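Here is a short briefing on one protein model, written for a reader who has the sequence and the structure at hand. Please keep both in view while reading.

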Amino acid sequence: MATSGVDVPGAAPYGNFINYYTFNPPENRLSLIPATLLQDLGCSDEEETTLILDVGCNSGELSVAFYKHLVPVCREESLEKSGRRKVHLLGFDLDETLIQRAQQLNPLPSSITFTRLDVTDDVEQLQDYLGRHGCPRFHLCLCLAVTMWVHLNHGDSGLLRLLFRLASISQHLLLEAQPWKCYRSAARRLRKLGRSDFDHFKTLKIRGDVADHARDHLERNCGMELIRSFGSTTWDRKLMLFKRT
């Protein structure tokens, strides 16, 4: 089901804030991520395609900033002129309005693609994208501040299914899971607007340190291991990097 980006915080039950990056700018994450990350992960071979996936990309500002942070413009232009394979980023969101904005403002359409997709519903489109580029998995998947919205709208099973699904199509996963205090704030904002509570909020069994629960599930059930922690953002959210074992 298509949704439309909204600018009233409590009125964005899927996290689809139309002005998200005005109150959480890309630098809040990028300041913690080394510009050499792709090389550190072994993705420095310029003869091979490197694929990055941004889950819940909103209007695309972070996707573009992340790409530019990891792939200097001079290197990208050099690879393009030489005809060698390069770095591609695919960003998706379930909100059609946000994706349209991302597409309109995309400064690197030959390297960055935005599309509408609900990852809780179907990943066939992602498999098709991998197939077109001749890669079995994304080299790096970004899942930043997405888990809570899936958790609140699809329950414990929805959260665990999301993590398993992303792990199955990724070589590396950069995860930022919202802490439990964010859940309470989201539910409170919704109630203040006189709207119904999130379907699963009161019945969730995964509570407390959600990031730790996510780590445990990824390592026990998804064939991944934590290889690096980049600390916490200004919003006190852990940035954890996992690798497929």
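The points below go from the whole chain to its empty spaces, and then to single elements and residues.

The model is predicted. Its protein chain has 10 helices and seven strands. Of the 245 residues in the chain, 51% are buried. Three cavities of 30 Å³ or more are counted, and the largest pocket holds about 190 Å³ of space.

**The chain as a whole**

- The protein chain exposes about 11200 Å², and carbon and sulfur atoms supply 48% of this area.
- Take the contacts between residues at least 6 apart in sequence: 73% of them join residues at least 24 apart.

**The largest pocket**

- Which residues lie nearest the centre of the largest pocket? They are F17, W149, R189, W235 and R237, out of 13 residues in the lining.
- Three elements give two or more residues each to this lining: α1 (20–23), α8 (147–168) and α9 (180–192).
- The element that gives the most to the pocket lining is α9, with three residues.
- Sorted by class, the pocket lining has nine nonpolar residues, two polar ones and two charged ones.

**The largest cavity**

- The volume of the largest cavity is about 400 Å³.
- Its lining consists of 26 residues, and those nearest the centre are Y14, G56, D93, V146 and W149.
- W149 is thus named twice: it is among the residues nearest the centre of the largest pocket, and also among those nearest the centre of the largest cavity.
- At least two lining residues come from each of α1, β1 (50–55), β2 (87–93) and α8.
- Here the element that gives the most is α8, with four residues.
- The cavity lining is made up of 15 nonpolar, seven polar and four charged residues.

**The second largest cavity**

- The second largest cavity contains about 50 Å³ of space.
- What lines this cavity? The residues are V119, T120, H154, G158, R161, L162 and R165.
- Two of these lining residues are nonpolar, three are polar and two are charged.

**Helix α7 and the residue after it**

- Helix α7 covers residues 124–132, and its buried residues are L126, Y129 and L130.
- Why can these three be said to line one face of the helix? Seen down the axis of α7, the buried residues fall within an arc of 100°, so they lie along one face.
- As background, an α-helix has 3.6 residues a turn, so residues three or four places apart point the same way.
- On the other side of α7, G131 and R132 are exposed.
- The buried residues of α7 pack against strands β1 and β2. These two strands also supply residues to the lining of the largest cavity.
- Just after α7 comes G134, which has a positive phi of about 70°.

**Two residues with a positive phi that are not glycine**

- Most residues other than glycine have a negative phi.
- N58 is a residue other than glycine with a positive phi, near 55°.
- Where is N58? It is in the loop between β1 and α4 (61–70).
- N58 has a relative accessible area of 3%, so it counts as buried, the cut-off being under 20%.
- A145 is not a glycine either, and its phi is positive at about 55°.
- The position of A145 is in the loop between β4 (140–144) and α8.
- Is A145 buried or exposed? A145 is buried, with a relative accessible area of 10%.

**E176, a charged residue in a strand**

- E176 belongs to strand β5, which covers residues 172–176, and glutamate is classed as charged.
- The relative accessibility of E176 is 1%, so this residue counts as buried.
- Leaving aside neighbours within four places in sequence, E176 is in contact with R29, C143, L144, A145, V146, T147, T233, R237, K238 and L239.
- One of these contacts, A145, is the loop residue with a positive phi described above.
- Another of the contacts, R237, is among the residues nearest the centre of the largest pocket.
- V146, also in contact with E176, is among the residues nearest the centre of the largest cavity.

Key:
Residues are numbered from 1 along each chain as its sequence is written. This is a predicted model: local features need pLDDT of at least 70, side-chain atom pairs count only at pLDDT 80 or more; totals for chains, interfaces and linings use all residues. Side-chain values use heavy atoms; hydrogens and water are left out. On a 1 Å grid over the protein atoms alone, a cavity is a set of points where a 1.4 Å probe fits but cannot get out, and a pocket is an open set with protein on both sides within 12 Å along at least five of seven lines; lining residues have an atom within 4 Å of a point. Grid points are joined across faces, edges and corners, and a volume is the space filled by probe spheres set on the points. Buried means under 20% relative accessible area, exposed over 50%, partly exposed in between (1.4 Å probe, protein chains only). Contact means heavy atoms within 4.5 Å. The arc is that of the directions from the helix axis to the C-beta atoms. Accessible areas come from the Shrake-Rupley method with a 1.4 Å probe; for residues, only the protein chains shown count as cover.
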